[in-house]
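This briefing follows one sheet and the helices that pack on it, moving from strand pairing to a single side chain. Please keep the sequence and the model in view while reading.

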Amino acid sequence: MSHRTAPLPGRVTSRRELTAHLVRLEVEVPGWHSSGVLDEWVALTVPGQYQTRYYTVRDVEGERLVLDVVIHDEGLVTTWAAGDCVGDQVLVSLPQGSFALPDDAGWLVLAADLTGLPAVARIAAHHRVTAYVEAPAGTEVAYDPIAGEVTWVEPPAHGSGQTSALADLVSGLTWPAGPGYFWMAGESAQMREIRKHLRHEVGFETTRFDVMGYWSGARGRRLRAS
């Protein structure tokens, strides 16, 4: 994901640990405004860093953003968000999103790992969905209730050699009849394979799906062990 808008200064007003792998932050950003796109994301720069990381906006009320940060073994934002960051000053870009449901869509299917879960929940609050979420056991209890038909699957175990099995799950789906829309977010290499699968094997036009790589398994990033 990329964004070129100049960032705005903000302040973390709340921090809550949802699970061992997910921390919820509330950030007040004067002058910030939502794009209205349901999977909108922002570039976040935390204290002591110059590089940005991108996060989906879970919820928004005026200039208050809710961001759910996935806690990895290590990382620029992980180290910061794992500690007491309330009161810290951050930089936040204006949002950008890509979710574009066609007017004639008769169905909407979503698939995501933990990084895409905030977008799944936000989209499901506005549309009737069928969703597949890959997340550690217990996430479905600790996270916000998600409207619609939701199937929860656990990610591959540490040491299995796999970072995610979400692409295998999607490759085996039976698609609803008629025009619809598919949205997916997860590990970048797997998302490339799914795009090829949807175009060449399923036969979807590119306006019928949005598949986004949110992170790279090639960098060795894994969820922090519980």
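Strands S10 and S11 run parallel and are joined by six bridges, and in one of these pairings Met184 has Val211 of S11 as its bridge partner. The model is a predicted one, and the points below place this strand pair in its sheet before turning to helix H5, which packs on the sheet and touches both S10 and S11.

**The sheet**

- The open sheet is formed by five strands with parallel pairing, and their order across it is S9-S8-S7-S10-S11.
- Because strand S9 (149-153) and S11 stand at the edges, each with a single partner strand, one side of each has no neighbour in the sheet.
- On average, neighbouring strands of the sheet are turned by 10° against each other, when direction is ignored.

**Helices across the sheet**

- Helix H2 (residues 117-124) lies across strand S7 (108-112), strand S8 (130-134), S9 and S10, and its direction runs at about 160° to that of S7.
- Helix H5, in contact with S10 and S11, makes an angle of about 165° with the direction of S11.

**Helix H5: span and ends**

- H5 comprises 15 residues (188-202) and spans 20 Å from its first C-alpha to its last, which is close to the 21 Å expected at 1.5 Å a residue.
- At the N-terminal end, H5 is capped by Glu187, a side-chain oxygen of which lies 3.1 Å from the backbone nitrogen of Ala189.
- Just after the helix, Gly203 adopts a positive phi of about 90°.

**Helix H5: buried and exposed faces**

- The buried residues of H5 are Ser188, Gln190, Met191, Ile194, His197 and Leu198; because these residues cover an arc of only 165° around the axis, they fall on the same side of the helix.
- This buried set packs against helix H4 (166-171), strand S10 (181-187) and strand S11 (209-215).
- On the face of H5 turned away from the buried side are the exposed residues His200 and Glu201.

**His197 as a single case**

- His197, which lies in H5, has a relative accessibility of 10% and therefore counts as buried, the cut-off for burial being under 20%.
- When residues up to four places away in sequence are not counted, His197 touches Val170, Ser171 and Val202.

Terms used: Residues are numbered from 1 along each chain as its sequence is written. This is a predicted model: local features need pLDDT of at least 70, side-chain atom pairs count only at pLDDT 80 or more; totals for chains, interfaces and linings use all residues. Side-chain values use heavy atoms; hydrogens and water are left out. Helices (H or I, at least four residues) and strands (E, at least two) are DSSP runs, numbered from the N terminus. The expected span of a helix is 1.5 Å times one less than its number of residues. Buried means under 20% relative accessible area, exposed over 50%, partly exposed in between (1.4 Å probe, protein chains only). The arc is that of the directions from the helix axis to the C-beta atoms. Contact means heavy atoms within 4.5 Å. A polar contact is a pair of N or O atoms within 3.5 Å; within protein, one must be able to donate a hydrogen and the other to accept it, and residues adjacent in sequence count only if both atoms are side-chain atoms. Two strands pair if DSSP finds at least two bridges between them. Axes are lines fitted to C-alpha atoms, for helices over the stretch in contact, and angles run from 0 to 180 degrees between N-to-C directions.
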